Structures are given as C-alpha cells and as structure tokens.
Amino acid sequence: MAWAYLINSTLTSSTKGTYRWVLGKVFELDLGDGPSFRGSIAANPYSQHERAELISVARSQNKPWRRSSALAMIALSIGAGCRACELRHVKGGDLAKDGGAIATGDRTVPIKSPWSEILSSLERKDHKFLFHLGAPTRSSKNFIGGFASDLIRDPASPRFQITRARSSFICDRWNDGIPLIELTEITGIREVESLIRYVHLLDRSPKTKAGLRQHFSSGNR
C-alpha cells in the first residue's frame, strides 16, 4: 500500500527512490522490479569569476562580524567542502594556524590557496565559532541559507548556495588528480556510490555506480 502511494505521489523522482530503499531495508522487501527513479543531480560548481564575486560580496558587508562570517562561510565550503551541518559548528581551534587544514567530523581536510589565506586572515579564537558567532541558536534548518540570503549584494552577483559550494570543492579536488578513495575521505562520503550525483561534473570519471565501485576498489585515479 505504501509503495503504491509513493509511485502515484507528487514526490520528486530522487525522493521516491530514497523512500523505496528505506522501505526495502526496513521491511525486507524486494522492490527492485518497480519503476526506475532518477537520482538527484548535484548543482553546478562556481566558476572562477563567480568565486571572485562571492569574495567581493563578503568583503563589502557593512559590519565586521558579517564580513568575517561571510568569508568563513565561503572559504570553509568551497575550500574545505564543509556541509551546512559542519560549517555551523566550526571553531577557531579546528583550523591550522596558517588556515591550511581543518579538522571536521572524523576527517582532516587540507585547504588550498586562496581559501587558506582567507581563513588565516580571520580573527579567531580556539573556542569561538567562525561563522555567525552571535547567533542565538545554530539548529535552524535555514541557518546558513538565511544568512546568505541577507547578504548585501548587487542583484547581478551570484547567490551563495552550500550545494554549489560543495560541488565546487569536489570538482576542484577531482581535477587535482586525487584518487576516489581519497576524495571520499576528505569529503566525508561513506559510500563511493554517493558520488553518482557528481559524475556528470567530473571529467573522465565512471558514470555508473558499478563503475565507481570498481574504480574505487582498484585504487585508480
């Protein structure tokens, strides 16, 4: 009954696919013969010009704490691949003194230029949050998006989106030539198949889950 409802519902294709997987796991059902559902596709990365525009927007904010928070938001997401749930909890002590690495979750991520320079230039204390220090709560679902939407910016400037920032990080590191096993480690992706959302953005990468698994197992670039 529940599966029939999902098939006929107005949920997105990727959501139906996720729910089918959950139903199959929880109730030990074989739902593999049902309709196929296209997974969600990762957002396009920011171009170099758009990244420069985002930095300019951050530096043009009218209050020091907003400038610092905006720069931290951009550098931690594009430069270190932090997800929203991670970015909101980063503290000064999580960063290397030169801004060249961050410890987040159960991983350590190296940070490249220009993001390392931006992070090293921020005033920070080990026990203080880097992003939105004065926020009364950090649990709001729209904690990052709300701050980004309120930034003072020219309408022609790109909007900050955490999904595009993370796509930018993943594409940058793939283009650097790192192996899939290392890419999953620094992004916190536990199953290599989850990268299927990004393969349309990654040149010369496998385009199927089976191909990703094989490539991952072989340890190849």
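Colleague: How many nonpolar, polar and charged residues does the lining of the second largest pocket have?

Modeller: In this predicted model, that lining has 4 nonpolar, 3 polar and 4 charged residues. The nonpolar ones are Trp65, Phe129, Leu130 and Leu133, and the charged ones are Glu123, Arg124, Lys125 and Lys128.

Colleague: What makes Ser68, Ser69 and His132 count as polar?

Modeller: Ser and His are on neither the nonpolar nor the charged list, so these three lining residues go with the others, as polar.

Colleague: And what volume does the second largest pocket have?

Modeller: About 250 Å³.

Colleague: Let's step back. Which elements does the protein chain have, from the N terminus on?

Modeller: The order is α-α-α-α-α-β-β-α-α-α-α-α, which comes to 10 helices and 2 strands.

Colleague: How do you know that the span of α8 agrees with its number of residues?

Modeller: Helix α8 covers residues 162-175, which is 14 residues. The expected span uses 1.5 Å times one less than that number, so α8 should span 20 Å. Its end C-alpha atoms are 20 Å apart, so the two agree.

Colleague: Why is α8 called mostly covered?

Modeller: A residue counts as buried when its relative accessible area is under 20%. In α8, 10 of the 14 residues pass that test, so the helix is mostly covered. Among them are Phe169, Ile170, Cys171 and Trp174, along with Arg164, Arg166 and Arg173. For the protein chain as a whole, 42% of the 221 residues count as buried.

Colleague: What do the buried residues of α8 pack against?

Modeller: They pack against α3 (48-59), α4 (64-78), β2 (107-110) and α9 (180-187). Packing here rests on contact, so heavy atoms have to be within 4.5 Å.

Colleague: Which residues of α9 are buried, and what do they pack against?

Modeller: Leu180, Leu183, Thr184, Ile186 and Thr187 are buried. Their partners are β2, α8 and α10 (209-218).

Colleague: What follows α8, and what comes just after α9?

Modeller: A glycine in each case: α8 is followed by Gly177, with a positive phi near 95°, and Gly188 comes just after α9, with a positive phi of about 75°.

Colleague: What share of the contacts with a separation of 6 or more comes from residues 24 or more positions apart?

Modeller: In the protein chain, that share is 62%.

Colleague: And how much of the accessible surface belongs to carbon and sulfur atoms?

Modeller: The protein chain has about 12400 Å² of accessible surface, and 52% of it belongs to those atoms.

Definitions and conventions. Residues are numbered from 1 along each chain as its sequence is written. This is a predicted model: local features need pLDDT of at least 70, side-chain atom pairs count only at pLDDT 80 or more; totals for chains, interfaces and linings use all residues. Side-chain values use heavy atoms; hydrogens and water are left out. Helices (H or I, at least four residues) and strands (E, at least two) are DSSP runs, numbered from the N terminus. Buried means under 20% relative accessible area, exposed over 50%, partly exposed in between (1.4 Å probe, protein chains only). Accessible areas come from the Shrake-Rupley method with a 1.4 Å probe; for residues, only the protein chains shown count as cover. On a 1 Å grid over the protein atoms alone, a cavity is a set of points where a 1.4 Å probe fits but cannot get out, and a pocket is an open set with protein on both sides within 12 Å along at least five of seven lines; lining residues have an atom within 4 Å of a point. Grid points are joined across faces, edges and corners, and a volume is the space filled by probe spheres set on the points.
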